[in-house]
Amino acid sequence: MGAVLDMSDDNRSFVRNSFLTFSRQVTNIVIGILLLVVLARILGPAGQGKYSLITLLPTVLLTFLTLGINTSTIYYISKGEVKLNTVYNNNIIIGTLLSLVSIGLGAVVIFFFSEKFFNETPHVLLYLCLLALPFMFLREYFQTVFQGLQDFKLFNTAMVVNQLGILAFVAVFVLIFRLGLEGAILAFIAGNLINVVYMVYQLKKRHKLRFDIRGFSWEYFRKSVKYGLKAHISNFASFLNYRIVIFLIGFFMVDSAVGIYVTAMNIGERLAIFAASVSNVLYPKIAAIETEEERNHLTSLVSRNILAITFVIALAGTLIAKDLIVTLFGEQYENSANLLRIILPGVALLSVEKILSNDIAGRGKPELNMYLSIFNVLFNLLLNVVLIPKYGLNGAALSATITYFVSFVVKIFLYKKVTNEPYHRFLLVKKSDLRLYKNVIRKLKLRY
């Protein structure tokens, strides 16, 4: 069965889409790292910390208020149950309304809580950054349309356009006009705007979509929220699990400490690029597959290989952490290297968990991910509150890795329970995988 499936057209399409996503993601990561380097060197640790805190606020609001409609978009488009133009109309209307709600909520948070969590951050820039929210909501909702269509060329190109847009405007506002932190925030807003314009243009050009407010569907809205809320709670909890530490460091320590930690965290998360690439392709694929046998085979193949690849990358990253950090960001970020070493093993496990999570969601059981994500947030919060005051940034990094490990153990148990797949089948590399690598490398050599 395995050999037959590996040679099928669907499987070749999956591998092709995964590598296409990976190649575009590599470009995205390179641009993202270049953006980090520019901001880190110009703004310094304190300025980098302020930038991270300011842009984190609208990102949290976005993640909190999407209602899971982005996830539902992928699910229902993959299954072909809703007209594409209906999804387009709904996403524009709902995204615009939710962004306005999030701006109001963000203003309330800044007014009442800025002294506690943003004490060293200019409040006017916090308010300014809220203007990015309409573009961020539409960006999120449009990207998942491409993902649901399994048009990964445009899906990944849109991600590159977003990062490239921010970088280009940073060059204009920060390097040329020397607006400093204010220029960086303006670049963040403008980059998201450019990305939305690009995606609207592509959707109109390729799929002839037209916006009509009368095309809003209450029936699809109810369906999308009913399905999406389960995944939404899980996604939001997972996001908090990754990002709540930034607020806590800002609360217990100073903005320069935030900058040091964010640098390590951002580099560490780049380890998950290959897993994220495959995971983005896997979710709509699993939703579209009808047989359990094919689903189990595909996810097991992906999971065990991602685990092996990410641990090799994590080991390499651990060995070169100091040289990498100092070369890219300068001596003032040297402390980020030790944090990176602590975070990397956890990020490797997180990469596999993302694969298993998307499989479970694609089978229509996102509530299992939700329960675990809620536990992870509470567990991680407790660890950070205990370890940050005692061990500082090392405590924050250790909290992350411990949480990722516990979450990984629980997730592999849940996946086995859902699929009845033996642990070794989705965790340990097989000889047939090595032959698959050889075939892929051989085909790449022939092509290039």
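Partly exposed residues have a relative accessible area between the buried limit of under 20% and the exposed limit of over 50%. The legends below apply these terms to a predicted model.

**Figure 1. Overview of the predicted, helical protein chain**. The secondary structure comprises 17 helices and 0 strands. The chain has 448 residues, and 57% of them count as buried. Among contacts with a separation of 6 or more, 84% join residues 24 or more positions apart. The accessible surface comes to about 19400 Å². Carbon and sulfur atoms hold 66% of that surface.

**Figure 2. The salt bridge between Arg425 and Glu421**. The two side chains meet at 3.3 Å, N to O. Arg425 has 35% relative accessibility, so it counts as partly exposed. Glu421 is at 6% and therefore counts as buried. Elsewhere, salt bridges with shared partners link Glu292, Arg295, Asp359 and Arg363 into one network. The count of salt bridges in the model comes to 10.

**Figure 3. Asp359 and Arg363, two members of the salt-bridge network**. Their side chains form a salt bridge of 2.4 Å, N to O. Asp359 is buried, and Arg363 is buried too. Glu292 and Arg295 belong to this network as well. Side chains of opposite charge can pair when their charged atoms come close.

**Figure 4. A salt bridge between helices α17 and α12**. The side chains of Asp433 and Arg304 meet at 2.6 Å, N to O. Asp433 lies in helix α17 (residues 431-447) and Arg304 in helix α12 (residues 292-329), so the pair ties together parts that are 129 residues apart in sequence. Asp433 has a relative accessibility of 1%, so it counts as buried. Arg304 counts as buried as well, at 3%.

**Figure 5. Thr86 in helix α4**. This helix covers residues 84-117. Thr86 has 16% relative accessibility and counts as buried because the limit is under 20%. Beyond its neighbours within four places in sequence, Thr86 contacts Gly215, Ser217 and Tyr220.

**Figure 6. Phe117, also in helix α4**. Phe117 has 28% relative accessibility and counts as partly exposed. Residues up to four places away in sequence aside, Phe117 touches Leu53, Phe247 and Phe251. The C-alpha atoms of Phe117 and Leu248 are separated by 7.9 Å. Along the chain, Phe117 and Leu248 are 131 residues apart.

**Figure 7. A nonpolar patch on the surface**. Its residues are Ile42, Leu175, Ile176, Phe177 and Leu179. Together they have about 480 Å² of accessible area. Ile42 is found in helix α2, which covers residues 9-65. The relative accessible area of Ile42 is 40%, so this residue is partly exposed.

**Figure 8. A positive patch on the surface**. Lys153, Lys204, Lys205, Arg206, Lys208 and Arg210 form the patch. Helix α8 (residues 180-207) gives the largest share, 3 residues. Lys205 lies in helix α8. With a relative accessible area of 48%, Lys205 is partly exposed.

**Figure 9. Leu67, a residue with positive phi**. Most residues other than glycine have a negative phi. Leu67 is not a glycine, yet its phi is about 65 degrees. The residue is found in the loop between α2 and α3 (69-79). Leu67 has 23% relative accessibility and counts as partly exposed.

**Figure 10. Asn420, with a positive phi in a loop**. The phi of Asn420 is near 65 degrees, in a residue other than glycine. The loop lies between α15 (393-419) and α16 (423-427). Asn420 has a relative accessible area of 63% and is exposed, because the limit for that class is over 50%.

Methods:
Residues numbered from 1 in each chain as written. Predicted model: local features only at pLDDT ≥ 70, side-chain atom pairs only at ≥ 80, totals over all residues. Heavy atoms only, no water. Helix = DSSP H or I, 4+ residues; strand = E, 2+ residues; numbered from the N terminus. Buried < 20%, exposed > 50% of the residue type's maximum accessible area, 1.4 Å probe, protein only. Contact = heavy atoms within 4.5 Å. Areas by Shrake-Rupley, 256 points an atom, 1.4 Å probe, with all protein chains shown as cover. Patch = residues over 30% accessible without salt bridge, like charges linked within 9 Å, V, L, I, M, F, W, Y side chains within 5 Å. Salt bridge = Lys/Arg side-chain N within 4 Å of Asp/Glu carboxyl O. Lys, Arg positive; Asp, Glu negative; His and termini not counted. Charge placed at Lys NZ, Arg CZ, Asp CG, Glu CD.
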